[in-house]
Structures are given as structure tokens and as C-alpha cells.
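Q: Please take a close look at one part of this structure and explain how it is built into its surroundings. I am new to this structure, so a connected account would be welcome.

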Amino acid sequence: MSAAQGRITAGVGSNLIGQHAQDRNQDATVYVGNLDPQITEELVWELFTQAGPVVNVYLPKDRVTGTHQGYGFVEYRSEEDADYAIKILNMIKVYTKPIRVNKAASDKRQLDVGANLFVGNLDPDVDEKLLYDTFSAFGVIVATPKIMRDPETGNSRGFGFVSFDCFEASDAAIEAMSGQFLCGRQVAVTYAFKKESKGERHGTPAERLLAAQMKAKQAAQSRPHTLFASGPKDEDRQVGQPHQAPTIADRFGPPG
């Protein structure tokens, strides 16, 4: 049964990675961050249906360990449901950790620090999902990898792009993957050219400095909102007690 029919399929990732990524309603999709390792797609689905009908849930997984990477995406049927989810679910505690919920589009802009790679000499059989599975071993990928294709035939033009959330990950990917073989071809991995520049590539010292500053700012913003710290001192020990939906957060607290 498909996600649209109210279930999560075993291949949930394929719904948002690869050729079907463009089908997602970005305006009705929320980004979910700061997820505890114990959280599953099924739990996220059940929690977020409290705000409205969910179409799809996707938590990017580490290709080696199979565990999610601490963030994901939830697509609703309407933008209104997505906005309502942000209103009632942002910063509630799940397994003692306050989750972060905001619009996927805005969060993508925040995460796009410039750690963007060009991957060249790709075999025609390499698709977006294979790029994701290969490069996600080095860190968090913030957008669906993009393979440039012929607009008429849909065939790969032999190169694509991968964007990470930090330069440590992109540096590691370049060091490990440049010159390696993927589907029988030796691929080239370098920093991509900036869109609005004359020959300047990503990965400059200025970009790295801004990324470090942005990371520090996001860390400060991810702390629990002060509205949830105004009650009795023992309130924090009761998992997830936001005023608007205490029963939701209680339900997904740590095992007794």
C-alpha cells in the first residue's frame, strides 16, 4: 500500500529521492530536525497525523548502519496542514529531545552553506538515488542530488551535483571519491562553480567562515523555547509538556 493510502512502504525513501522528487509538494512539506535515534518513520507518521492527513514521511538513512541521520521530511495534503504542524509540534519533546519543525523550503536555504559538489564522468546508469546512497556516507545531504539530463530523452548528460550541510562532509567526499570508480567509470569530484560568479567555485574561505557562523546560530536556535521552561522546575523531567498538545508528547516519551 502506498503512502498516499495511509501507510509507509518499505521503500519510503524512493518516494522523495530520485525521479519522483519533483512530485513532492514543497509548500506542504515540513522539515523535522533534532530527531532521537530511536525515532522511526512509523512514529513520525503517527505523531504528525495529529496535525492533518500525511502523504509521505522520509527520514534519510545512513547507507552503512541503516539508521536515520537525525532529520527528515513530512509531506501533507495541504499547505494549511503543514503550517498547523509547525504551530503545534515545533519544539515538543520526543524521547527527551525537542524536535524542530519548520517549512522544508526555508530550512533548505538555511542548510545550503555552499558545500556543493560537482560529480563528473558519470555512467548513464548512475541515477539520483545511487548518488545519494554513495555520498550520504560522508555526511548529511541537504537536497536531492541532481543529475543533469537531456530535456527530451531524460538521459543523463554525465554529470550531477551533491550538496552537504557542512564543509567537513564535502571535503571528505572529495578526498575519498575523486578518481574512484562508480558503475565502471572513474568519476571526478570537485567543488561546483557558483551560479552567479565568473569561474569561482564553492568552498572558499569566506563561505567556510559564514557556514561556521550559521552553524553556531542554528545551535542556539535549536534550544527549547523559553515558553516551555516557565513551569515548575520538575517539568522538564516529564517528557514533552507543551501547553497545546501534552498528550502527544507524553505518548512518545522514553520507555519506563
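A: In this predicted model, Phe161 touches Leu117, Phe118, Pro145, Lys146, Met148 and Ala192, when residues up to four places away in sequence are not counted. Phe161 belongs to strand 9, which spans residues 156–163. Is Phe161 buried, partly exposed or exposed? With a relative accessibility of 27%, Phe161 counts as partly exposed, because the buried class ends under 20% and the exposed class begins over 50%. One of its contacts, Leu117, is 44 residues away in sequence, yet the two C-alpha atoms are 5.5 Å apart in space.

The sheet around Phe161 comes next. Strand 9 is part of an open sheet of 4 strands, arranged in the order 8-9-7-12 with antiparallel pairing. Strand 8 and strand 12 are the edge strands, each pairing on one side only. From one strand to the next, the twist averages 25°. Strand 7 and strand 9 run antiparallel and are joined by 5 bridges. Asn116 has Ser163 of strand 9 as its bridge partner. Helix 4 packs on this sheet and touches strand 7, strand 8, strand 9 and strand 12, while its direction makes about 150° with that of strand 8.

How do the buried residues of helix 4 lie around its axis? The buried residues of helix 4 are Glu128, Leu131, Tyr132, Thr134 and Phe135. Seen down the axis, these buried residues fall within an arc of 165°, so they line one face of helix 4. The loop that leads from helix 4 to strand 8 (146–149) contains Ser136. Ser136 is buried, with a relative accessible area of 2%, a value that places Ser136 in the buried class because that class takes in residues under 20%. Leaving out residues up to four places away in sequence, Ser136 touches Lys61, Arg63, Gln69 and Ile141.

A second helix also meets this sheet. Helix 5 lies across strand 7 and strand 12, and runs at about 150° to strand 12. Both helix 4 (128–135) and helix 5 (167–177) contribute to the largest nonpolar core, as the following shows. That core has 28 residues, of which Val119, Leu122, Leu131, Phe135, Val162, Phe164 and Val189 touch the most other members. At least two residues of the core come from each of strand 3, strand 7 (116–120), helix 4, helix 5 and strand 12 (188–191). Helix 5 supplies the largest share, 4 residues. Val189 shows how these parts meet: beyond its neighbours within four places in sequence, Val189 is in contact with Leu117, Phe118, Val119, Phe135, Ala173, Ile174, Met177 and Ser178. Leu117 and Phe118 are thus contacts of Val189 and also of Phe161. Apart from this core lies another, of 24 residues, including Val30, Leu35, Leu43 and Val44.

The chain also holds another open sheet, in which 4 strands follow the order 2-3-1-6 with antiparallel pairing. Its edge strands are strand 2 (54–58) and strand 6 (100–103), each of which pairs on one side only. Its twist averages 20° from one strand to the next. Between strand 2 and strand 3 (residues 71–76) the pairing is antiparallel, over 4 bridges. Tyr58 has Phe73 of strand 3 as its bridge partner, and Val54 stands opposite Tyr76 in strand 3. Helix 1 (residues 41–48) packs on this sheet, where it touches strand 1 (29–33), strand 2, strand 3 and strand 6, and its direction makes about 145° with that of strand 2. Strand 2 is mostly covered, with 4 of its 5 residues buried.

The setting of these parts is the whole chain. The chain has 7 helices and 12 strands, and 44% of its 256 residues count as buried. Among contacts in the chain with a separation of 6 or more, 64% join residues 24 or more positions apart; the contact between Phe161 and Leu117, which are 44 residues apart in sequence, is one such case. The chain exposes about 13700 Å², of which carbon and sulfur atoms supply 51%.

How values were computed
Residues are numbered from 1 along each chain as its sequence is written. This is a predicted model: local features need pLDDT of at least 70, side-chain atom pairs count only at pLDDT 80 or more; totals for chains, interfaces and linings use all residues. Side-chain values use heavy atoms; hydrogens and water are left out. Two strands pair if DSSP finds at least two bridges between them. Axes are lines fitted to C-alpha atoms, for helices over the stretch in contact, and angles run from 0 to 180 degrees between N-to-C directions. Contact means heavy atoms within 4.5 Å. Buried means under 20% relative accessible area, exposed over 50%, partly exposed in between (1.4 Å probe, protein chains only). Accessible areas come from the Shrake-Rupley method with a 1.4 Å probe; for residues, only the protein chains shown count as cover. A nonpolar core is a set of buried Ala, Val, Leu, Ile, Met, Phe, Trp, Tyr and Cys residues joined through side-chain atoms within 4.5 Å. The arc is that of the directions from the helix axis to the C-beta atoms.
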